[in-house]
Amino acid sequence: MSAQAVPSQPAGAAAPPASSLVAPGPRVSRKIGSIAPSATLAVDAKAKALKAQGRPVIGFGAGEPDFPTPAAVVEAAVAACRDPANHRYTPTSGLPDLREAIAVKTKRDSGLDVAASAVLVTNGGKQAVANTFAALLDPGDEVLVPAPYWTTYPEAIALADGVTVELPTDESSGFRVSVEQLEAAVTDRTKVLLFVSPSNPTGAVYPPELVAEIGRWAGGRGLWVVTDEIYEHLVYGDARHASMPVVAPELEDRWVVLNGVAKTYAMTGWRVGWMIGPADVIGAATNLQSHTTSNVANVSQRAALAAVSGDLSAAAEMRTAFDRRRRTIHRMLNEIDGVSCAEPEGAFYAFPSFADVLGRDVKGRISQSTTELCEVVLDLAEVAMVPGEAFGAPGYCRLSYALGDDDLAEGVGRIADLLGRRS
Ligand SMILES: Cc1ncc(COP(=O)(O)O)c(C=O)c1O
């Protein structure tokens with residue numbers, strides 16, 4: 001503070017205490033201070049810490065494939081480390097080769113025609129989410145968010161001064177929102193519909209006709225659609241992934257596609273995602289990113305380039321394993337007394353209801369919420385699940401089935417031993 005800024009004192013008066021010179025208000029800004037920690041990462045960290053202490057914890061918390069990154073991708077990264085070109089800053093928007101490869105891959109996998117210039121490479125899909133809402137929202141703009149939702153969305157919307165408007169769904173609609181529900185939630189402040197299929201945390205997949213219907217509705221309403229396609233390759237049975245801008249051309253240029261390598265190629269730790277959208281939004285998001293994180297680590301970008309320009313055989317192998325585990329977890333969860341689980345059609349999550357377990361005495365512990373129940377299950381069965389409260393869905397828990405078959409059976413078996421089996 002400059003000398004002139006200090007309030008003048010009458011001669012002989014005592015100097016004010018240092019604290020009176022500090023501006024009033026909280027030490028941490030209200031905006032950042034109100035962000036909740038990521039519940040999924042917190043559960044995973046707690047489970048890993050207990051494991052490190054030697055506890056035989058089985059973790060259903062992590063949202064990451066349990067497979068190693070494909071060898072060819074790792075080799076590309078090793079080679080990239082040795083090339084001094086990768087030791088330097090590169091363009092904020094991403095390595096040109098990678099942007100081009102993402103455009104080609106997007107056409108191959110979704111049928112969506114985009115130029116490389118429409119792609120911004122980000123630090124994981126998470127930064128694409130944050131960039132997108134920051135680029136689209138003004139204070140008070142409303143975003144329609146079907147619930148249950150991935151825990152990060154409302155925080156990213158709030159950070160962008162937007163307002164989350166939750167649209168609850170449950171098993172009766174297969175955790176899918178309807179056009180009638182959307183229509184009823186629109187106000188003159190609605191700007192964006194967030195659309196996610198396959199869904200984290202429910203595993204729901206929207207059939208292509210419903211994706212098209214919702215897209216047509218949003219287009220007619222003049223809304224933007226932000227569509228998160230990070231689980232596009234993880235669909236099972238008859239479920240099919242459809243990209244909304246492809247099946248709903250009525251959206252014109254008011255859409256942003258979010259995606260990344262984390263889930264398809266078992267690359268959560270490499271931190272490469274991307275957003276695809278119109279030039280003004282991508283330009284604004286690039287400017288923002290140029291001041292926050294600059295370019296994504298070049299070695300990771302080179303690894304991502306090898307992944308997206310290669311074939312999908314590793315993803316197909318993972319999908320086969322996830323599909324097997326999906327069927328096992330669905331069956332085993334429904335055998336537990338008080339638990340009911342809709343069949344997940346995509347991603348690698350089961351989202352059972354534990355509503356009938358709440359209020360019940362479980363070895364002297366009575367849980368009134370799934371947050372409490374998850375603590376009881378962790379304490380008494382050494383099994384980690386994420387409570388539905390983290391996803392705007394109290395009464396449910398999320399279990400990731402991206403873990404080994406034996407662990408999966410052992411973990412759900414322990415929950416059944418604790419809560420009892422259906423008679
Ligand atoms: C729906 C959804 N979108 C985006 C992400 C972001 O993934 P990452 O930041 O690891 O690329 C996740 C991760 O869990 C997710 O579940």
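**Figure 1. Strand β8 and its two pairing partners in the predicted model.** L120 lies opposite M275 of strand β8. The strand that carries L120, β2 (residues 119-122), pairs with β8 in the antiparallel sense over 4 bridges. Strand β7 (residues 255-260) is also antiparallel to β8 and is joined to β8 by 4 bridges. In this second pairing, V257 has I276 of β8 as its bridge partner.

**Figure 2. Side-chain directions along β8 (residues 273-276).** G273 and M275 point one way from the strand, while W274 and I276 point the other way. Side chains in a regular strand alternate between the two faces of the sheet. Each of the four residues G273, W274, M275 and I276 is buried. M275, the residue opposite L120, is thus shown together with G273, and I276, the bridge partner of V257, together with W274.

**Figure 3. Surroundings of T132 in helix α5 (residues 124-136).** T132 has a relative accessibility of 0% and therefore counts as buried. Leaving out residues up to four places away in sequence, T132 touches V226, V256, L258 and M275. One of these, M275, belongs to the set of β8 residues that are buried.

**Figure 4. Crossing of helices α3 (residues 71-82) and α11 (residues 298-309).** The two helix axes come within 8 Å and cross at roughly 145 degrees. The crossing of α3 with α11 is right-handed. On the α3 side the meeting residues are A72, V73, A76, A77, A80 and C81, and on the α11 side they are V299, R302, A303, A306 and A307. By class, the contact between α3 and α11 comprises 10 nonpolar residues, no polar residues and 1 charged residue.

**Figure 5. Cysteines C341, C374 and C397.** A search of the whole structure gives 0 disulfides. C341 takes part in no disulfide, and the nearest cysteine sulfur, that of C397, is 11 Å away. C341 is buried, at 7% relative accessibility. For C397, the closest cysteine sulfur is in C374, at 3.7 Å, which is too far for a bond, because a disulfide requires sulfur atoms within 2.5 Å. C397 is buried as well, with a relative accessible area of 0%.

**Figure 6. The open sheet β9-β14-β13.** The sheet has 3 strands, and their pairing is antiparallel. Strands β9 (349-350) and β13 (386-387) stand at the edges; each has a single partner strand, so one side of each is without a neighbour in the sheet. Strand β14 (residues 397-400) pairs with β13 over 2 bridges in the antiparallel sense. V386 stands opposite R398 of β14.

**Figure 7. V235 in the loop between β6 (224-228) and α9 (244-247).** V235 counts as buried, at 16% relative accessibility. Setting aside neighbours within four places in sequence, V235 is in contact with P198, V205, H241, R319, E345 and G346. G203 is 32 residues from V235 in sequence, and the C-alpha atoms of the two residues are 8.8 Å apart.

Definitions and conventions:
Residues are numbered from 1 along each chain as its sequence is written. This is a predicted model: local features need pLDDT of at least 70, side-chain atom pairs count only at pLDDT 80 or more; totals for chains, interfaces and linings use all residues. Side-chain values use heavy atoms; hydrogens and water are left out. Buried means under 20% relative accessible area, exposed over 50%, partly exposed in between (1.4 Å probe, protein chains only). Two strands pair if DSSP finds at least two bridges between them. Axes are lines fitted to C-alpha atoms, for helices over the stretch in contact, and angles run from 0 to 180 degrees between N-to-C directions. A crossing is left-handed if the near helix is turned anticlockwise from the far one by less than a right angle, and right-handed if clockwise. Contact means heavy atoms within 4.5 Å. Ala, Val, Leu, Ile, Met, Phe, Trp, Tyr, Cys and Pro count as nonpolar, Asp, Glu, Lys and Arg as charged, and the others, Gly among them, as polar.
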